[in-house]
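Biologist: I'm new to reading models like this one, so could you walk me through it slowly? Please put it up first, and then I'll pick a part.

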There are 2 protein chains.
Amino acid sequence: MLRINARRLLDDLEALGEIGRTPQGGVSRPAMSPADVEGRAWFRARVEAAGLEFHRDGAANLSAVLPAGDPTAPTLLTGSHLDTVPNGGRYDGALGVLAALEILRTLRQACLSLPVHLEAISFTDEEGELQDQLGSRALAGTLTARDLDRPRGGGDKLAAGMRRLGVTHQGMLAARRDPKDLLAFVELHVEQGPRLEAAGIDIGVVTAIVGIRSYWLRFLGRAAHAGTTPMDARADAVWGAAAFVQSARDLVIARFSPGVVNCGQIQVRPGAFNIVPAEAHLALELRHGSEAHLDDMEDALFNLAEGLAQVQGLTLERELVARCIAAPLDEGVMGAIERAASRLGLSHRRLMSFAGHDTQAMSAITPSAMLLVPSMGGTSHNPREFTRQEDIVNGANTLLHTLLGLMAEIK
Amino acid sequence: MLRINARRLLDDLEALGEIGRTPQGGVSRPAMSPADVEGRAWFRARVEAAGLEFHRDGAANLSAVLPAGDPTAPTLLTGSHLDTVPNGGRYDGALGVLAALEILRTLRQACLSLPVHLEAISFTDEEGELQDQLGSRALAGTLTARDLDRPRGGGDKLAAGMRRLGVTHQGMLAARRDPKDLLAFVELHVEQGPRLEAAGIDIGVVTAIVGIRSYWLRFLGRAAHAGTTPMDARADAVWGAAAFVQSARDLVIARFSPGVVNCGQIQVRPGAFNIVPAEAHLALELRHGSEAHLDDMEDALFNLAEGLAQVQGLTLERELVARCIAAPLDEGVMGAIERAASRLGLSHRRLMSFAGHDTQAMSAITPSAMLLVPSMGGTSHNPREFTRQEDIVNGANTLLHTLLGLMAEIK
């Protein structure tokens with residue numbers, strides 16, 4: 001049975017991990033940074049050294065291509081991203097790109113004749129230095145001119161980053177690919193959570209990528225002297241926020257599992273030891289794999305917040321900050337992953353991905369799915385992120401046979 | 001029966017309220033600000049216009065003095081402070097100074113021969129722009145060189161403020177008065193709380209000024225991905241802080257009333273929508289009129305915090321930020337206030353002051369007490385602070401007869 005060259009893949013991961021390496025042993029290679037530019041040059045050199053075609057689109061997505069005999073054949077895409085969060089790890093993104101590259105090398109050496117163009121892609125700025133999943137959204141055609149006009153990091157940062165990569169607004173919007181030219185997309189990634197390791201499962205098959213909704217919830221009370229105002233005469237905004245944090249957690253665990261909630265920031269005003277808080281602004285984030293469940297969670301949590309605010313004599317304001325639609329993945333591609341894992345004698349389990357991924361964008365235009373390998377302790381976006389060599393190799397071989405399976409179907 | 005000149009007092013309050021007036025109708029006259037310097041010049045002019053002696057000590061405390069016939073007589077002190085918090089009100093501090101000045105004018109015009117030197121004092125920086133109760137602590141001798149070396153607002157700010165007032169470290173420490181030269185201290189102030197107004201009481205007689213203890217309580221957990229980390233695998237610092245806020249409130253209401261607790265600030269780190277909080281720093285302030293009760297409150301709240309942290313898998317750090325010792329006031333002076341109010345046909349009630357005051361510092365060196373008049377809605381440190389004219393006049397007349405009563409006792 002065909003297998004990738006494990007040594008070559010592990011050496012590539014090692015070499016790439018040196019680019020943007022931090023003193024703590026992590027990797028800082030945010031999109032458009034000098035380290036990112038260096039990583040891109042290294043990738044291009046590896047692609048060309050392997051005798052593969054190198055492509056770069058208007059969004060600076062980089063690809064290696066192993067072409068089909070028939071130029072009119074569709075393209076089967078696989079890949080992930082080379083950028084990292086600041087002081088992140090060596091596996092998040094990198095694994096999916098380098099495994100894809102290794103598979104193309106393996107297939108090229110095997111001299112197989114392909115019924116599709118096989119393309120190993122590295123998407124620009126998955127981590128959202130400028131915009132979450134910038135490159136994959138550009139390719140999917142879901143990146144709008146409006147997104148580029150109001151980038152998360154500010155217009156100046158976007159302009160500077162785009163200059164560094166030599167891309168333009170126009171080029172970015174023109175990176176859109178025609179769905180008719182695509183067969184499917186598959187992404188290999190580390191889990192970034194502890195479930196596979198804890199359960200001793202080799203391969204996770206992602207059924208959906210969570211939808212994410214972020215809000216500011218603002219509890220508004222009345223500033224008062226923290227000594228002279230009797231406890232029963234206070235409208236303390238922090239009391240409302242604190243009650244909500246606890247009740248929201250309990251409600252989500254009880255009624256919306258495996259959905260999750262996070263209150264990642266609290267801003268208190270005026271914010272002095274001796275003043276009863278007038279305002280508490282809570283950063284609230286909900287995640288679930290189903291939009292219907294997200295709707296229900298949202299309703300339940302806002303009702304809860306309203307009730308708690310009322311009890312404390314507070315008023316409530318809410319503001320939607322960001323919304324990312326849940327993406328159910330393709331049953332056909334999921335099945336191909338499961339069959340590939342089974343052929344290799346690997347255990348597998350279906351699960352939801354609670355992190356955003358390029359697959360989310362790609363699923364809008366082509367049948368897409370995603371496979372995960374265990375991540376030790378679930379540690380992610382952290383220098384201590386670690387995936388064992390055997391899991392890396394298992395993931396790459398499963399991806400190889402998933403792609404072979406998808407190609408076999410259309411032969 | 002002798003009474004102060006109500007019109008003259010109200011006109012003075014009106015005129016002083018124009019100095020540092022904000023567009024919102026409040027008053028910004030923080031210690032050492034240009035408005036404070038202007039207010040001090042205005043006060044000196046009013047003192048001299050009344051034919052009273054004007055004094056200024058090494059801490060820039062300003063006094064009007066109506067001398068006794070006998071130069072070796074002790075001094076009976078009354079007063080408060082002219083400085084305000086930024087964007088504060090017209091009554092806090094100003095009432096006590098201007099009522100004291102008005103009483104000296106009234107007694108001078110009555111041509112009484114006094115058995116004591118009667119001194120109307122305005123203390124420097126009661127509100128703590130540099131140090132809480134800076135002037136009264138300097139006079140009481142409880143301000144140390146160390147306080148001046150580590151001022152709350154920073155050394156540069158202290159140096160600049162002291163230059164503006166023309167005072168030196170040495171002069172400040174030399175402002176200490178000999179307790180043997182003092183008979184007593186009485187301060188008139190607005191309540192800054194709603195209790196007198198709510199109960200329809202004219203005069204509050206303060207039994208003690210609360211002790212205040214401030215801490216940073218730091219709940220320490222583990223930063224984690226807010227999507228991929230299951231709810232039951234989180235060590236969310238905000239969960240601990242939120243549980244504490246609620247339980248601390250309930251505990252203090254149930255077991256330590258009339259003591260109060262405030263959580264006036266929460267700082268969350270790293271503080272992002274999509275990261276489970278690693279740290280939540282809570283600004284905790286406790287107030288009670290009894291040090292013994294404060295000890296008990298502190299123990300109970302820290303035990304509570306430790307227990308809640310443990311349950312959530314967090315660790316707890318605490319840091320004492322400031323401590324102000326509770327000051328029980330003088331029974332003799334309290335009695336004099338009550339007799340004066342009764343003589344004037346005014347209702348009175350004993351209560352604790354939950355705000356800090358210059359009386360706190362003065363009580364360390366001379367028999368001291370304090371009377372309060374109603375403050376509408378209890379609004380304080382706010383442009384909307386308001387005390388009715390009749391309450392102002394009632395307070396000033398009660399202070400007048402309190403001082404006359406104290407003088408009568410030593411004749």
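What share of the 411 residues of chain A count as buried? After that, please take a close look at helix α11 of chain B.

Modeller: Sure! This is a predicted model, where local features need pLDDT of at least 70, side-chain atom pairs count only at pLDDT 80 or more, and totals for chains, interfaces and linings use all residues. Residues are numbered from 1 along each chain as its sequence is written, while chains are lettered from A and ligands numbered from 1 in the order in which they are written.

Your share for chain A is 57%, where buried means that 20 or more other C-beta atoms, placed from the backbone, lie within 10 Å of the residue's own. Chain A has 13 helices and 15 strands; these are DSSP runs (helices H or I, at least four residues; strands E, at least two), numbered from the N terminus.

Now for α11(B), which covers residues 331-343. Its 13 residues should span 18 Å at 1.5 Å a residue, and the end C-alpha atoms are 18 Å apart, so the two agree. The expected span is 1.5 Å times one less than the number of residues.

Who is tucked away? Val333(B), Met334(B), Ala336(B), Ile337(B), Glu338(B), Ala340(B) and Ala341(B) are buried. Those residues pack against the chain B strands β5 (182-190), β6 (203-209), β14 (348-353) and β15 (368-373), plus helix α13 (389-410); contact here means C-beta atoms, placed from the backbone, within 7 Å. Just past the helix, Gly345(B) takes a positive phi of about 75 degrees.

Methods
A residue is buried if 20 or more other C-beta atoms lie within 10 Å of its own, exposed if 12 or fewer, and partly exposed in between; C-beta atoms are placed from the backbone. Two residues are in contact if their C-beta atoms, placed from the backbone, lie within 7 Å.
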